[in-house]
Amino acid sequence: MTHTAQPTASHFVNGTHLEDAAGDAIEVIHPATGAVIATVHAATPAVIEAALAGAVAAQADWAARTGTERGRVLRRAADLIRARNRELSILETLDTGKPLQETLVADASSGADALEYFGGMAGTLTGQHVALGANWGYTIREPLGLCVGIGAWNYPTQIACWKAAPALACGNAMVFKPSEVTPLCALKIAEILVEAGAPPGLFNVVQGAGAVGAALVADPRVAKVSLTGSVPTGRKVYAAAAQAMKHVTMELGGKSPLIVFHDADLDDAVGGAILGNFYSTGQVCSNGTRVFVQKGIRDAFLARLTERLAGVRMGDPLDEATNFGPMASAAQRDIVMGYIAQGIAEGARLVAGGGCPEGPGFWVEPTVFADVTDAMTIAREEIFGPVMCVLDFTDEEEAIARANATDFGLSAGVFTRDLTRAHRVIARLQAGTCFVNSYNDAPVELPFGGFKMSGLGRENAAAAIAHYSQLKSVFVRMGRVAAPF
Ligand SMILES: NC(=O)c1ccc[n+]([C@@H]2O[C@H](COP(=O)([O-])OP(=O)(O)OC[C@H]3O[C@@H](n4cnc5c(N)ncnc54)[C@H](O)[C@@H]3O)[C@@H](O)[C@H]2O)c1
Ligand SMILES: O=CCc1c[nH]cn1
């Protein structure tokens, strides 16, 4: 079946759709078929200027509103997203290839959660009164001004909302650049925010690849950059932002450990490993791709995992019975297949999958390697695809040391019935987002982000407010000033 998802225009700037066909054409490809479903144009300097200037103008008015007024707009946007969940989920599926079964519950709805949560919080953002004996002080929480958001292609709607919601709640404006691989859904979020009452220019979407992102980051009017992307891009964006001491949030990649102890509920542990490796066809930053299984249960774990893999349904992602989609792009499919070949070449044992089905689209089978060692490339590098590495371990100390032996630090999980052990181990794992007897939950109420090379700052929860605002401290003297001369 042929799909089309051509947007009204490539960009959304100053409250309306904007086109400038002089920008490089970017074809939007439905990953399940390889068919072109839309074409957008990268932002030209004129589009970038319109977006930045419009955002600066809108921010002043927005910041002058009360938090409650700002929050009302965000909560209306959340309601509109929920009301249009199916339509938005279909678009997300066309854009990313993720099964509709997933996008219906995990993408627009997660975006709506963020808008609702930060909308509710906007009116509660206050400073503090500080008693200082005869004198006193207070703090004011002020917006940063103009923020730039730059997204990855795996969760386009969620990423746009996780950045926009706290930014706008704090009184900032945003220019958002989606990934060039999945440019469509952020445009819908921009339209919805305006329909919900956001002033024109408050949330703008401009398209393009790294060069457009770099131009946004370098602009002197920009006070903060929030990137979701890979570590190499994070390094570049952080370095560019540092030139003007801009605030940054870096949501980067991972190679996270999932530790399964011998006393774990086997089905839950296998379920956690499936969620942490094959949901979104493995294209989730926090995935637990190094599955450490205690030696005594290794064979039982692999046997149960293999049985459950019989439940994989690859097919048209718009069919709600499909539970496993293609990779988002041909380039990512090729990267993943390269890692699979390297795993085999380095001596890992292929237990399941490993193939790249013939036909149109960018498919990779859910793949499991056993007998993986820490030194293998597939155990060290982020693959960002459906490739699970199963590693054996003997005891707790060994599992912790090996789990931490990585430059990444995004997530970690522990499966055990011994909750004392679970918390003891989690306390020693170097990861920002951890799970006990679960994997990959991302409720808006909990901060999300990484340690070490996996990032800086936090999205979601009250923690995000600190990353989209700055504190002004005011000292108030009540008596005379005693100067030395
Ligand atoms: N920690 C998180 O929350 C999180 C969430 C999703 C994805 N990710 C990570 O994202 C990566 C996959 O996404 P990707 O392939 O789109 O990442 P990427 O780093 O290639 O691109 C991310 C974004 O940065 C832009 N970009 C590239 N170069 C730039 C530059 N010099 N200046 C400014 N912007 C630039 C891209 O156009 C894109 O929009 C994985 O590493 C994954 O782990 C992290
Ligand atoms: O891709 C990373 C962000 C995320 C994790 N779970 C859901 N979204």
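## Ligand 1 between two domains

Ligand 1 lies between domain 1 (11-253 + 454-472) and domain 2 (257-436), because both domains give residues to the shell around it. The model described here is a predicted one.

## The shell around ligand 1

There are 30 residues around ligand 1, and those that come nearest are Gly210, Gly213, Gly229, Thr233 and Gly253. By character, the residues of the shell divide into 12 nonpolar, 13 polar and five charged.

Two helices each supply at least two residues of this shell: helix H8 (210-218) and helix H9 (231-242). Of the contributions to the shell around ligand 1, that of H8 is the most, at four residues.

## The annotated region

The UniProt record lists residues 23-474 as "domain: Aldehyde dehydrogenase", in an unreviewed entry. Over residues 23-474, helix makes up 41% of the chain and strand 20%. The C-alpha atoms at the two ends of this stretch are 47 Å apart.

## A pair of crossing helices

Helix H2 (residues 67-83) and helix H7 (residues 185-195) have axes that come within 8 Å and cross at roughly 125 degrees. Because of that angle, H2 is oblique to H7. The crossing of H2 and H7 is right-handed.

Notes. Residues numbered from 1 in each chain as written. Chains lettered and ligands numbered in written order. Predicted model: local features only at pLDDT ≥ 70, side-chain atom pairs only at ≥ 80, totals over all residues. UniProt positions renumbered as here; feature names shortened; annotations may be inferred. Near = placed C-beta within 6 Å. Nonpolar A, V, L, I, M, F, W, Y, C, P; charged D, E, K, R; others polar. Domains from an automatic or database assignment. Axes fitted to C-alpha atoms, helices over the stretch in contact; angles between N-to-C directions. Parallel < 35°, antiparallel > 145°, perpendicular 65-115°, else oblique. Left-handed = near helix turned anticlockwise from the far one by under 90°.
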